[in-house]
Amino acid sequence: MKTIVILTGSGISAESGVPTFRDNGGLWCSHRIEDVATPEAYLRNPALVQEFYNMRRKQLKEVKPNAAHLALAELAAQWDGKYFLITQNVDDLHERAGEGKTLGDGFALWHMHGELRKARCGVSEEIFPWDENITVETRCPCCKKPGRLRPHIVWFGEMPLYMDRIYHALRDCDLFLSIGTSGNVYPAAGFVHEVRASGRGHTVELNMEPSNGHTLFEEKIYGPATRVVPEYVTRILAGAIL
Ligand code: APR
């Protein structure tokens, strides 16, 4: 039974109309990380931070999964080994493409940077499904008090989620695909090192252009995700890779 581990970044959602971060016109061109994506920013100006995530959460209603998301969901459904999808993305396009139907032993979808469609109480740490705006007046469902509910997003300086399970999967995998990420942000940018250290997994980068870590990948395929991902999934399912 072979194990596939996949890491996705904002590039896989770009052709769905979700902005990336560091491309021209990306989110970090119009917003400063230190103003909207750190715990200090939230303490300093919670309304500004909430508005940034309210805008992104609202936008989810206008976008849909693309051929790359659908191809990965097809792979998850057909793969007879273990399949772990780690996403840096906080959108729900992997779920809406059908990932998650097959969750169970040997399948997982981990949002290591959190999820736009969830909110978290800053006191109890309880997590709630959330599709509406959050403001400083919003009362959290557990404490019933305003000003405690925050986006369930991992900000810079906070610990990404599911890291123990992620490192275990990386060391145990036979194939590691890195899709649509610039390799700028750790720990995700270091995952390919973990796979190489195990001496077992074949490492593949599928991206629009070489990422910061491109030299670390044994195989590199460049082009739009909606073309290169379905093509690669077809090769995997035809038995041409593992
Ligand atoms: N097809 C494939 N790749 C694409 C496409 C596309 N259509 N469009 C863009 N890309 C690639 C870009 O070439 C770039 O390498 O996707 C990558 C996007 O890089 P970033 O904007 O840096 O996004 P990402 O790597 O996901 O950022 C990682 O940084 O700011 C934090 O938390 C945020 O999760 C995010 C993390």
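Biologist: What makes the pairing of a ligand nitrogen atom with the side chain of E15 a polar contact?

Modeller: In this predicted model, a nitrogen atom of the ligand sits 2.9 Å from an N or O atom in the E15 side chain. The cut-off for such a pair is within 3.5 Å, so this one counts as a polar contact.

Biologist: Why do Q88 and G180 get the polar contact label with the ligand as well?

Modeller: Here the protein side is backbone. A polar backbone atom of Q88 is 3.2 Å from a ligand oxygen atom, and for G180 the distance from a polar backbone atom to a ligand oxygen atom is 3.4 Å. Both pairs are within 3.5 Å, so both qualify.

Biologist: How much of the ligand does the protein bury?

Modeller: The ligand taken alone exposes 740 Å², and the protein buries 94% of that.

Biologist: Which residues come nearest to the ligand, and what classes make up the shell?

Modeller: S10, R22, W28, T181 and S182 come nearest, out of 23 residues around the ligand. By class, the shell has eleven polar, eight nonpolar and four charged residues.

Biologist: Over to V49, then. Why is V49 called buried?

Modeller: Buried means under 20% relative accessible area, and V49 comes out at 0%, so the label fits.

Biologist: Where does V49 lie, and what does V49 touch?

Modeller: V49 is part of helix 4, residues 46–59. Leaving out residues up to four places away in sequence, V49 touches D35, V36, A41, Y42 and W155.

Note on methods. Residues numbered from 1 in each chain as written. Predicted model: local features only at pLDDT ≥ 70, side-chain atom pairs only at ≥ 80, totals over all residues. Heavy atoms only, no water. Near = heavy atom within 4 Å. Polar contact = N/O pair within 3.5 Å; in protein donor to acceptor, adjacent residues only side chain to side chain. Areas by Shrake-Rupley, 256 points an atom, 1.4 Å probe, with all protein chains shown as cover. Nonpolar A, V, L, I, M, F, W, Y, C, P; charged D, E, K, R; others polar. Helix = DSSP H or I, 4+ residues; strand = E, 2+ residues; numbered from the N terminus. Buried < 20%, exposed > 50% of the residue type's maximum accessible area, 1.4 Å probe, protein only. Contact = heavy atoms within 4.5 Å.
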